[in-house]
Protein chains: 2
Amino acid sequence: MVIAIDMMGGDFAPLEAVKGVLQYHQEEKSPAELLLIGHQPAIHELLTGHKVPQDLFRIIHAEQVIGMHEHPTKALKEKQQSSIAIGFHLLASGKADAFISAGNTGAMLVGTLFSIKALEGVIRPTISTIIPKENGCTGLLLDVGLNADCKPEQLNQFAVMGSVYAQLILGIDNPKVGLINVGEEEGKGNILAQATYSLLKENTHIRFIGNIEGRDILIDKADVMVCEGFTGNILLKFAESLYEVSHRKQIKDGYFERFNFENYGGTPILGVAKPVVIGHGISKSKAFKNMILVAQKMLEKDVLGKMKEELQ
Amino acid sequence: MVIAIDMMGGDFAPLEAVKGVLQYHQEEKSPAELLLIGHQPAIHELLTGHKVPQDLFRIIHAEQVIGMHEHPTKALKEKQQSSIAIGFHLLASGKADAFISAGNTGAMLVGTLFSIKALEGVIRPTISTIIPKENGCTGLLLDVGLNADCKPEQLNQFAVMGSVYAQLILGIDNPKVGLINVGEEEGKGNILAQATYSLLKENTHIRFIGNIEGRDILIDKADVMVCEGFTGNILLKFAESLYEVSHRKQIKDGYFERFNFENYGGTPILGVAKPVVIGHGISKSKAFKNMILVAQKMLEKDVLGKMKEELQ
């Protein structure tokens with residue numbers, strides 16, 4: 001199992017990436033083989049500074065870096081020697097089994113969609129986020145921005161992929177799937193939600209519990225919460241801002257602390273043939289470590305194989 | 001100026017409605033004439049209990065009540081003697097200038113759409129909500145559920161109506177209008193948001209500041225926040241749940257207290273020819289008082305006339 005890591009992505013790279021890699025390696029009993037992609041001398045120096053044996057990791061030199069605000073398509077095309085471009089090359093050529101980065105999100109999405117095949121039968125891949133539930137549990141919200149316009153069939157697939165992820169990675173048995181909507185009753189909602197309801201209701205691969213409303217997002221009603229990427233992205237960013245608000249207001253409550261998404265291990269792109277995990281730009285060592293763990297778990301539990309099976 | 005009030009609407013009616021009416025009457029220097037619609041003996045008894053002179057208010061007897069969970073269209077059709085049906089009759093026949101109720105929201109919407117004309121040129125009326133901003137100010141979010149599917153032209157009108165309301169009722173000078181979207185740059189978003197952006201940009205009746213994201217909802221970026229009713233409704237209900245969460249978590253912060261929407265004076269239906277204000281089912285006296293104040297202010301400042309003018 002080989003996991004490639006973009007050491008240059010994120011606001012605090014490569015230092016925090018190196019620290020994350022070391023934490024992962026120290027804490028994990030049977031760590032995966034890691035390929036560290038980035039500026040060789042810089043990474044080498046950081047590793048030496050941490051007294052890491054020379055041969056513990058393989059460093060793949062990348063001469064270039066795609067900046068956080070560069071135009072994704074343009075940057076990927078022009079910077080073939082960037083850590084992100086090299087990462088996708090390793091993944092596509094089979095030299096790596098998974099790829100993680102906290103760099104330019106757009107470039108990661110474009111790179112994935114253009115270099116990694118979609119899972120058989122998947123209309124469009126999706127990205128999700130974890131939602132901290134008030135009772136201490138964790139929910140999954142998807143799509144959170146990859147697909148601003150969706151068809152009912154896509155939402156139906158998000159429900160299946162989200163269920164598999166919730167079960168195998170979040171450890172939620174038989175996860176409850178809710179359709180985010182403006183009312184509880186069947187027949188409520190916009191045209192998309194109405195049509196999606198019918199599909200979800202008949203989908204035997206999921207445990208559909210019906211519509212959920214905005215007030216249900218934070219409570220233990222549905223584990224997997226499905227919507228198109230427009231609503232999902234706005235909800236995600238609104239939820240993220242709660243952490244910031246609670247900090248500015250000096251509200252010391254453990255619950256709002258959990259809206260600090262940099263603690264989570266990034267979000268995988270679901271529906272593509274290999275694990276790609278995208279981290280927050282503000283990722284610190286813990287986030288890097290968690291991203292590697294997510295990729296490892298996805299490989300170990302064959303999450304993608306299971307998704308393919310359930311999507312049949 | 002005559003304002004009709006449904007005394008039977010809401011979970012705590014008619015007691016809290018009576019208390020709200022009295023508070024309004026005691027605090028307001030030049031109160032509007034109020035028509036109290038509801039079960040005459042019950043209201044009379046409550047007024048007498050509060051030692052209110054017999055002739056201070058006119059009570060319009062309503063034999064029936066539409067329950068909070070009745071089917072709106074069916075209930076309005078079958079219960080012609082209900083307080084809501086009578087309210088709309090008074091409004092449509094010119095015997096009242098405004099109508100407020102904390103009763104069945106669906107029945108209020110259906111009643112409005114069927115008995116009160118839309119303002120000239122308005123494609124579809126809309127409903128909004130107040131959003132407490134972190135800095136102590138107040139924003140306006142619309143549509144919050146009346147129009148789950150929208151055309152760009154509708155969102156463009158929401159921006160105008162919201163701006164007039166923010167200026168005249170919320171007291172925000174030259175309000176900043178933001179389009180709720182998944183990214184800041186022009187060209188971002190779903191098909192609807194992209195098309196709406198072009199219209200808002202060229203609309204000289206508003207002060208358009210561009211796209212705003214989920215993280216901007218609570219901060220002082222835009223005063224009037226525009227989206228279709230699907231996203232808006234989910235955002236509203238999510239925001240409402242923050243008050244409940246903070247209470248359950250015993251977070252004593254004044255900011256989250258402001259998400260207790262029962263304190264606000266209900267939400268007017270914008271885009272119809274006469275003020276109709278809908279309150280929360282859980283409205284208490286303060287909310288009833290505030291609803292009457294909103295209706296009064298809308299009449300005094302000729303909010304609807306100004307909307308009509310700006311929509312030309």
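Colleague: In which loop of chain A should I look for P14(A)?

Modeller: Bear in mind that this is a predicted model; in it, P14(A) sits in the loop that runs between β1 (2-6) and α1 (15-27) of chain A. The peptide bond that leads into this proline, from A13(A) to P14(A), is cis, with omega near 0 degrees.

Colleague: Which peptide bond ending at D143(A) is cis, and where does D143(A) lie?

Modeller: That is the bond from L142(A) to D143(A), whose omega is near 0 degrees. D143(A) belongs to the loop between β6 (138-142) and α6 (152-168) of chain A.

Colleague: How do I read the sense of a strand pair, for instance what is the sense in which β2 and β3 of chain A pair?

Modeller: Strand β2 (residues 33-38) and strand β3 (residues 58-61) of chain A pair in the parallel sense, over four bridges. To find the register by eye, start from G38(A), which stands opposite H61(A) in β3(A).

Colleague: Which helix joins β2(A) and β3(A) in a β-α-β unit, and what is the hand of that unit?

Modeller: For the hand, one views the strands pointing away and follows the path from the first strand over the helix to the second, a clockwise path being right-handed. Here the helix is α2 (residues 40-49) of chain A, and with β2(A) and β3(A) it makes a right-handed unit.

Colleague: Where does K51(A) lie, and is it buried or exposed?

Modeller: K51(A) lies in the loop between α2 and β3 of chain A. A residue counts as exposed if 12 or fewer other C-beta atoms lie within 10 Å of its own, and K51(A) is therefore exposed, with 7 such neighbours. Its phi is near 55 degrees, a positive value in a residue other than glycine.

Colleague: What is the phi of N174(B), and why does N174(B) count as exposed?

Modeller: N174(B) has a positive phi of about 45 degrees although it is not a glycine, and it is found in the loop between α6 and β7 (176-180) of chain B. It counts as exposed because it has 10 C-beta neighbours inside 10 Å.

Colleague: How should I judge the overall form of chain A, and what radius of gyration does it have?

Modeller: One sets the radius against that of a compact globule, which for 312 residues would be near 20 Å; chain A has 19 Å, which agrees. Its C-alpha trace spans about 60 × 45 × 40 Å along the principal axes, and buried residues make up 54% of the 312 residues.

Colleague: Which domains does the assignment give for chain A, and how many residues does each bring to the contact?

Modeller: The assignment gives domain 1 (1-120 + 271-302) and domain 2 (123-261). The contact takes 10 residues from domain 1 of chain A and eight residues from domain 2 of chain A. On the domain 1 side, α10 (285-300) of chain A is one of the helices supplying at least two residues, and α10(A) gives the most, with three residues. That side divides into six nonpolar, two polar and two charged residues.

Colleague: How many residues of each chain enter the contact between chain A and chain B?

Modeller: The contact takes 29 residues from chain B and 29 residues from chain A. On the side of chain B, the largest share, 11 residues, comes from helix α8 (residues 229-248) of chain B. The residues on that side of chain B divide into 14 nonpolar, seven polar and eight charged.

How values were computed: Residues are numbered from 1 along each chain as its sequence is written. Chains are lettered from A and ligands numbered from 1 in the order in which they are written. This is a predicted model: local features need pLDDT of at least 70, side-chain atom pairs count only at pLDDT 80 or more; totals for chains, interfaces and linings use all residues. Two strands pair if DSSP finds at least two bridges between them. The radius of gyration is taken over C-alpha atoms; the globule rule is 2.2 Å times the number of residues to the power 0.38. A residue is buried if 20 or more other C-beta atoms lie within 10 Å of its own, exposed if 12 or fewer, and partly exposed in between; C-beta atoms are placed from the backbone. Domain bounds come from an automatic or database domain assignment. Two residues are in contact if their C-beta atoms, placed from the backbone, lie within 7 Å. Ala, Val, Leu, Ile, Met, Phe, Trp, Tyr, Cys and Pro count as nonpolar, Asp, Glu, Lys and Arg as charged, and the others, Gly among them, as polar.
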